2 protein chains.
Amino acid sequence: MTEENIGCSCNLVHEEIVYMVKKEMPAEETLYDLAELFKVFGDTTRVKILYALFAAEMCVCDIASLLGMTQSAISHQLRVLKQARLVKNRRDGKVMYYSLDDEHIKHIFDQGLLHINEK
Amino acid sequence: MTEENIGCSCNLVHEEIVYMVKKEMPAEETLYDLAELFKVFGDTTRVKILYALFAAEMCVCDIASLLGMTQSAISHQLRVLKQARLVKNRRDGKVMYYSLDDEHIKHIFDQGLLHINEK
DNA sequence: TAAACATATGAACAATTGTTCATATGTTTA
DNA sequence: TAAACATATGAACAATTGTTCATATGTTTA
């Protein structure tokens, strides 16, 4: 119940509610993981890559061509997406094909669009 | 149909599909806005603030106390959340109360948790 | 009206991040 | 097996970002 005093007294009135809210919040680690996940979505290049993969499995070269970006830049970003378990890849000869590894992404993006398109 | 050549030839096979995917992708501006929105979610402090506000309207001081952070740090982040139209505020005397300004946030977070909790 | 209080904000700084460049790795083909 | 090819990756760099510190702004109270 004893919150750190940060030099104001207004919260004394709400001490009880603050205490309850704190107890209901997800674990520190969960909140961190959640932020990390959204951080991955927080880049135009990665969003574009994911949108491309919504439509079809594609190779690195296809994606680079589609987005008009360097193979290296795309490769670096695909690595980030892979680490976040958002995409998976398979090799076919020299070519590496990437595709989505999660069904929730589209849904999360759709919800994001709802917010953006709100008046 | 003429994509920029980036020095590989593998995509020549997929030119047609790449062309179609490109046509189906949301507008550049939409993709940018979407990334900007997720960028806001991509910080632990802001995620925590939003989770706190899921439970109750709170003043700046309450949030700072709850998270064990500086009033200034919280204030700066609330500004970011406000600019993204994720929270709104009302003044009651000297105290400024913040609350959620969007119904989708909780849903987006829940979807994010689904991804995190996937094996 | 002056002091107290809650919050906002600008400047500074360290830390993080995305792209580029050069090159390494892995696979196929001649 | 050497050359060609697709992709991965490390280092470097500019740009962005989150927090702190100091202080400004807005409101209430004595």
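**Two chains on two DNA strands**

The biggest contribution to the surface near DNA strand C comes from α5(B), which puts in five residues. That is a handy place to start looking around this model, which is a predicted one. Helix α5(B) has company: α3 (44-55) and α5 (71-83) of chain A, along with α4 (60-67), α5 (71-83) and β3 (95-100) of chain B, each give at least two residues to the surface near strand C. In total, 29 residues sit around DNA strand C, and the ones that come nearest are A:Ser72, A:Gln77, B:Ser72, B:Ser75 and B:Tyr98. Of the strand C atoms within 4 Å of the protein, 66% belong to sugar and phosphate. Sorted by type, the residues of this surface come out as 10 nonpolar, 12 polar and seven charged.

Some individual contacts to strand C are easy to pick out. On the backbone side, an N or O atom in the side chain of A:Arg46 is 2.7 Å from a phosphate oxygen of DNA strand C. The bases are reached too: a polar side-chain atom of A:Ser72 is 2.7 Å from a base nitrogen of strand C, and one from B:Gln71 is 2.8 Å from a base nitrogen of that strand.

Now for the other strand. DNA strand D is surrounded by 29 residues, with A:Ser72, A:Ser75, A:Tyr98, B:Ser72 and B:Gln77 the closest. Sugar and phosphate make up 66% of the strand D atoms that come within 4 Å of the protein. Here it is α5(A) that gives the most to the surface, with five residues. The elements that each supply at least two residues near strand D are α4 (60-67), α5 and β3 (95-100) from chain A, plus α3 (44-55) and α5 from chain B. By type, the residues near strand D split into 10 nonpolar, 12 polar and seven charged.

A:Ser72 turns up again at strand D, where a polar atom of its side chain lies 2.7 Å from a base oxygen. B:Ser72 reaches a base of strand D as well, with a polar side-chain atom 2.7 Å from a base nitrogen. B:Thr70 goes for the backbone instead: an N or O atom of its side chain is 3.1 Å from a phosphate oxygen of strand D.

Stepping back from the DNA, chain A has six helices and three strands, arranged along the sequence as α-α-α-β-α-α-β-β-α. Of its 119 residues, 46% are buried. Among the chain A contacts with a separation of 6 or more, 47% link residues 24 or more positions apart. The chain exposes about 6200 Å², and carbon and sulfur atoms supply 50% of that area.

What lies inside? In soluble globular proteins, nonpolar side chains tend to be buried together. In this model, the largest nonpolar core holds 68 residues, and the members touching the most others are A:Phe38, A:Phe41, A:Phe109, B:Phe38, B:Phe41 and B:Phe109. A:Phe109 shows how the two chains meet: leaving out residues up to four places away in sequence, A:Phe109 touches A:Phe41, A:Val47, A:Leu50, A:Tyr51 and A:Phe54, and also B:Leu34 and B:Phe38.

A:Ala52, in helix α3 of chain A, also touches both chains. Beyond its sequence neighbours up to four places away, A:Ala52 touches A:Met58, A:Leu66, B:Val21 and B:Met25. With a relative accessible area of 0%, under the 20% limit, A:Ala52 counts as buried. The C-alpha atoms of A:Ala52 and A:Leu66 are 8.3 Å apart, although 14 residues separate the pair along the chain.

A:Ser99 sits in strand β3 of chain A. A:Ser99 counts as buried because its relative accessible area, 16%, falls under 20%. Setting aside neighbours within four places in sequence, its contacts are A:Leu53, A:Glu57, A:Leu86, A:Val87 and A:Lys88.

One last local feature concerns the backbone. Most residues other than glycine have a negative phi. A:Arg85, however, has a positive phi, near 55 degrees, and B:Arg85 has a positive one near 60 degrees. A:Arg85 lies in the loop between α5 and β2 (87-92) of chain A, and B:Arg85 in the loop between α5 and β2 (87-92) of chain B. Relative accessibility is 35% for A:Arg85, so that residue counts as partly exposed; B:Arg85, at 35%, is partly exposed as well.

Notes:
Residues numbered from 1 in each chain as written. Chains lettered and ligands numbered in written order. Predicted model: local features only at pLDDT ≥ 70, side-chain atom pairs only at ≥ 80, totals over all residues. Heavy atoms only, no water. Near = heavy atom within 4 Å. Polar contact = N/O pair within 3.5 Å; in protein donor to acceptor, adjacent residues only side chain to side chain. Helix = DSSP H or I, 4+ residues; strand = E, 2+ residues; numbered from the N terminus. Nonpolar A, V, L, I, M, F, W, Y, C, P; charged D, E, K, R; others polar. Core = buried A, V, L, I, M, F, W, Y, C linked by side-chain atoms within 4.5 Å. Buried < 20%, exposed > 50% of the residue type's maximum accessible area, 1.4 Å probe, protein only. Contact = heavy atoms within 4.5 Å. Areas by Shrake-Rupley, 256 points an atom, 1.4 Å probe, with all protein chains shown as cover.
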